[in-house]
Amino acid sequence: RHSDPYQLDSHTVLYGVIGDPVRHSKSPVMLNRAFRETGINGAYAAFHVTPDRLGESIAGVRGLGFRGLNVTIPHKVEVMAFLDEISEGARAIGAVNTIVNDNGRLVGYNTDGIGYVRSLKEEAEPDLSGKTIVVLGAGGASRGILWALAQEKPAAILLANRTEARAAELASAFPPAYRISAIAWSRLQAACAEADVVVNTTSVGMSPNADGVPIDPNWLKPGAVASDLIYNPLKTAFLRRAEERGCRAHGGLGMFVYQGAYAFEYWTGTTAPVAAMREAVLDSFG
Ligand code: ATR
């Protein structure tokens, strides 16, 4: 702890995010706000690391004794080869977004999926057990969310993707006890009519193509939760139109905040100041 949180000194503990590209990242603003809010003497910066420099960047974390790192596109899978240990969740997902440096031992975690689920529970649906969940999209973002949703013991998770073979492949990568099954895109209307939660993990509706919707929002039953991983715009066309139908809308900003909150908690052992972190991100949107 120190009295002037803006003053870096010889005790400052360093953190960062590596990605390519990385200059758009809101993580530095969010995590530096968390350090300031909690009085922790830490500093967090963004590092543009191209794939050919990934190994050197991790060697740098070891060499300089950074306490933690976030990892973003396109390094979440490849970075695992440079770590000493991978958590059970990150191993199941096959991707790491958070590294903790424990006295030179680098441990990889994945806080994306659990960040999403914590946000969904805090902001939209506290109890997911026994619920029916439809997940749209079988890309990189979908994988972590499927794993984390399955830990909540829903009745069923139905996975649909435009390219149907990708959904089948992803669903079959999880144990049968997770109750994740791939369904044809043509079966979505019927599936959504029965679903308690419908999550969009596709890029459809993302700025600058913000008019797009992944499915017809009128397929959802009124009262169901419509959830979107996209946070630019904060409320997608899918969420706005689902809300008009009487659904509860859950946007993607909370996932971003809580994945950072979990990382902060793994690094510092201190409860993350979630409200301040969210405010910092919203302020940076201007
Ligand atoms: P991410 O890592 O963000 O999930 P990704 O791996 O490129 O990104 O996956 C993008 C997802 O959005 C995929 O599920 C993709 O479907 P396909 O596998 O069929 O490409 C989905 N997606 C992108 N554009 C889409 C569209 N116009 N309609 C439906 N799905 C779309």
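# Report on a predicted two-domain protein model with a ligand

By class, the residues that surround the ligand comprise 4 nonpolar, 9 polar and 2 charged residues. The structure is a predicted model. The shell around the ligand has 15 residues, and the closest are Gly139, Gly140, Arg162, Thr163 and Thr202. Helix 5, which covers residues 140-150, gives the most to this shell, with 3 residues.

## Domains and their contact

The domain assignment divides the protein chain into domain 1, made of residues 13-110 and 256-285, and domain 2, made of residues 113-251. The centres of domain 1 and domain 2, taken over C-alpha atoms, are separated by 26 Å. Where the two domains meet, 10 residues of domain 1 are in contact with 9 residues of domain 2. On the side of domain 1 that touches domain 2, helix 3 (88-93) and helix 9 each supply at least two residues. Helix 9 gives the most to that side, with 4 residues. By class, the side of domain 1 that touches domain 2 has 6 nonpolar and 4 polar residues, and no charged residues.

A UniProt annotation from an unreviewed entry, "domain: Quinate/shikimate 5-dehydrogenase/glutamyl-tRNA reductase", covers residues 123-203. Over residues 123-203 the chain is 35% helix and 21% strand. The end C-alpha atoms of this stretch are 22 Å apart.

## The annotated residue Lys76

UniProt, in an unreviewed entry, lists Lys76 under "active site". Lys76 is found in the loop between strand 3 (68-71) and strand 4 (85-86). Is Lys76 buried or exposed? Lys76 is buried, because 22 other C-beta atoms lie within 10 Å, and a residue counts as buried at 20 or more. Leaving aside neighbours within four places in sequence, Lys76 is in contact with Val71, Ala95, Val96 and Asn97.

The loop between strand 3 and strand 4 also holds Pro74. The peptide bond from Ile73 to Pro74 is cis, with omega near 5 degrees.

## Helix 1 and Ile58

Helix 1 covers residues 27-38 and has 12 residues. At 1.5 Å a residue, helix 1 should span 16 Å, and its end C-alpha atoms are 16 Å apart, so the expected span and the model agree. In helix 1, the buried residues are Ser27, Met30, Leu31, Arg33, Ala34 and Phe35. The elements that cover these buried residues include strand 1 (13-19), strand 2 (42-48), strand 3, helix 9 (253-268) and helix 10 (274-285). Helix 1 is followed by Gly39, whose phi is positive, near 70 degrees.

Ile58 has its place in helix 2, residues 54-64. Ile58 counts as buried because it has 23 C-beta neighbours inside 10 Å. Not counting residues up to four places away in sequence, Ile58 touches Val79 and Phe82. Ile58 and Thr132 are 74 residues apart in sequence, and their C-alpha atoms are 40 Å apart in space.

## Backbone exceptions

Most residues other than glycine have a negative phi, and most peptide bonds are trans. The table lists exceptions in this model.

| Residue or bond | Backbone feature | Value |
|---|---|---|
| Ile73 to Pro74 | cis peptide bond | omega near 5 degrees |
| Ser207 to Pro208 | cis peptide bond | omega near 10 degrees |
| Asn103 | positive phi, not a glycine | phi of about 50 degrees |
| Arg179 | positive phi, not a glycine | phi of about 55 degrees |

Pro208 has its place in the loop between strand 10 (197-200) and strand 11 (225-228). Asn103 is found in the loop between strand 5 (98-102) and strand 6 (105-109). Which residue lies in the loop between helix 6 (164-172) and strand 9 (180-182)? Arg179 lies in that loop.

The surroundings of Asn103 and Arg179 can also be stated. Asn103 is exposed, because 5 other C-beta atoms lie within 10 Å, and a residue counts as exposed at 12 or fewer. Arg179 is partly exposed, with 18 other C-beta atoms within 10 Å.

Notes:
Residues are numbered from 1 along each chain as its sequence is written. This is a predicted model: local features need pLDDT of at least 70, side-chain atom pairs count only at pLDDT 80 or more; totals for chains, interfaces and linings use all residues. UniProt positions are given in the numbering used here, feature names are shortened, and annotations may be inferred rather than shown by experiment. Two residues are in contact if their C-beta atoms, placed from the backbone, lie within 7 Å. A residue is near a molecule or strand if its C-beta atom, placed from the backbone, lies within 6 Å of it. Ala, Val, Leu, Ile, Met, Phe, Trp, Tyr, Cys and Pro count as nonpolar, Asp, Glu, Lys and Arg as charged, and the others, Gly among them, as polar. The expected span of a helix is 1.5 Å times one less than its number of residues. Domain bounds come from an automatic or database domain assignment.
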